[in-house]
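Reader: Could you give me a close look at one part of this model, a pair of neighbouring strands, and then work outwards from there? I would like to see how that part fits into the rest of the fold.

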Amino acid sequence: MNCTCVFLLIFALLSGRANAEPDSVLLENNSSAKQDVVAASGVRCDKSPFLVAIDTGHSPAKPGATSARGKKEYIYNKEFVLALVEALTDRGVASYRINAREQELGLRQRRKVAIAQKAQVFISIHHDSVQEHYLKPWEFEGQRRQYCDSFRGFSVFVSGTSAQYQASIALAEKISTQLRLRGDRPTLHHAEPIKGENRQLIDSDAGIYRWDGLGVLKGSAIPAVLLEVGVIVNREEELNLQDPQVRRQKAAAIADGIVAFCSEQ
Ligand SMILES: [Zn+2]
């Protein structure tokens, strides 16, 4: 390819359009259409259009943590995102899966795609692990695996670098409230003052942490949270997280939280 083509390709990659445009066909709903957005509780949001950008944490090549039974975090993230899209669609909320084509996307690129799609909120879905020294060996289906049953529950992260920091906290609170209403509890292990953790817990009841170093949230122009749905190295919690019914319930709670946030904007 000649110089002009190389320049255009680099420009397209830097500006986010190379990945943003082809995926626009994957919009789950027509975000410009009139939406009737209603949570299961009856809470309404008439802000239209309201588009949720959903990031599936990690990628097939870099799949994140490994569960107690050897399943990769990325697979959990992907399954959960599909349940979340469904729950949002049920409530009349349009969503856009940033990495629906399973391409390798940098963290900055993920944020840029959300903005290019004119999303109102950004949520990155992850499943949690613990620091190495907490992991113990066990055997599952003839394979040596590692687990830690000491911690369980969800965590919500926000970044103080975001222009929408306070709104990000409000979004995190709404999501956490709905998860707790259905009986979920946060894990506080990321606040432990040890290497690799020591995150600033800004609301211990809600499990909300501030972590300015999180690349996917850095400098976000829209309200943005990263959600650790649960701890997949915990053997009991992993079984729970594998259950499609449980996944649907958690996704429904998060979708209700997003509608509640929308209704107060
Ligand atoms: Zn992750």
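Author: Happy to. In this predicted model, let us begin with strand S8 (residues 155-158) and strand S10 (residues 208-210), which pair in the parallel sense over 3 bridges. If you want a place to put your cursor, pick Phe 157, whose bridge partner in S10 is Tyr 209.

Now step back to the sheet that holds this pair. Its 7 strands follow the order S4-S3-S5-S11-S8-S10-S9, making an open sheet with mixed pairing. Strand S4 (94-97) and strand S9 (200-203) are the edge strands: each has a single partner, so one side of each is left without a neighbour in the sheet. From one strand to the next, the twist averages 30°. In the strand order, S8 sits between S11 and S10, while S10 sits between S8 and S9.

Following the chain on from S10 takes us into the loop between S10 and S11, where Gly 215 lies. Is Gly 215 buried or exposed, given the 13 other C-beta atoms within 10 Å? The answer falls in between: burial takes 20 or more such neighbours and exposure 12 or fewer, so Gly 215 is partly exposed. Leaving aside neighbours within four places in sequence, Gly 215 is in contact with Leu 107 and Arg 108. Leu 107 is 108 residues away from Gly 215 in sequence, yet their C-alpha atoms are 5.8 Å apart in space.

Leu 107 brings us to helix H4, which covers residues 107-116. In H4, the residues Gln 109, Arg 110, Arg 111, Lys 112, Val 113 and Ala 114 are buried. After H4 comes Lys 118, with a positive phi near 60°.

Let us return to the sheet and look at the helix that lies across several of its strands. Helix H3 (residues 73-90) lies across strand S3 (51-56), S4, strand S5 (121-128) and strand S11 (224-231), and it runs at about 140° to S5. The loop between S3 and H3 contains His 58. Although His 58 is not a glycine, it has a positive phi of about 75°. With 22 other C-beta atoms within 10 Å, His 58 is buried.

Next, the nonpolar interior. In soluble globular proteins, nonpolar side chains tend to be buried together. Here the largest nonpolar core has 69 residues, and those with the most contacts inside it are Val 52, Ile 54, Leu 84, Val 225, Ala 255 and Ile 258. Helix H7 (residues 244-263) supplies the largest share of this core, 10 residues. For a view of how Ala 255 is placed, look at what it touches: Leu 84, Ala 87, Leu 88, Arg 91 and Val 93, not counting residues up to four places away in sequence.

H7 also meets another helix. The axes of helix H5 (residues 165-181) and H7 come within 8 Å and cross at roughly 140°. The two helices are therefore oblique to each other, and H5 passes H7 in a right-handed crossing. Among the H5 residues at this meeting are Ala 170, Leu 171 and Ile 175, while those from H7 include Ala 253, Ile 254 and Ile 258. Ile 258 is thus worth a second look, as it also belongs to the group with the most contacts inside the core.

One more stop is a strand pair that is not in the seven-strand order given above. Strand S6 (residues 136-140) and strand S7 (residues 143-147) run antiparallel and are joined by 5 bridges, with Pro 137 standing opposite Gln 146 in S7. They form a hairpin with 2 residues between them, and Glu 141 in the turn has a positive phi of about 50°. Glu 141 counts as exposed, with 7 C-beta neighbours inside 10 Å.

Leading into that hairpin is the loop between S5 and S6, where you will find Gln 131. Gln 131 is partly exposed, with 14 other C-beta atoms within 10 Å. Not counting residues up to four places away in sequence, Gln 131 touches Ile 194, Gly 196 and Glu 197.

For the whole protein, there are 7 helices and 11 strands. Of its 265 residues, 47% count as buried. Among contacts with a separation of 6 or more, 76% join residues 24 or more positions apart.

Terms used:
Residues are numbered from 1 along each chain as its sequence is written. This is a predicted model: local features need pLDDT of at least 70, side-chain atom pairs count only at pLDDT 80 or more; totals for chains, interfaces and linings use all residues. Two strands pair if DSSP finds at least two bridges between them. Helices (H or I, at least four residues) and strands (E, at least two) are DSSP runs, numbered from the N terminus. Axes are lines fitted to C-alpha atoms, for helices over the stretch in contact, and angles run from 0 to 180 degrees between N-to-C directions. Two residues are in contact if their C-beta atoms, placed from the backbone, lie within 7 Å. A nonpolar core is a set of buried Ala, Val, Leu, Ile, Met, Phe, Trp, Tyr and Cys residues joined through C-beta atoms within 7 Å. Angles under 35 degrees count as roughly parallel, over 145 as roughly antiparallel, 65 to 115 as roughly perpendicular and the rest as oblique. A crossing is left-handed if the near helix is turned anticlockwise from the far one by less than a right angle, and right-handed if clockwise.
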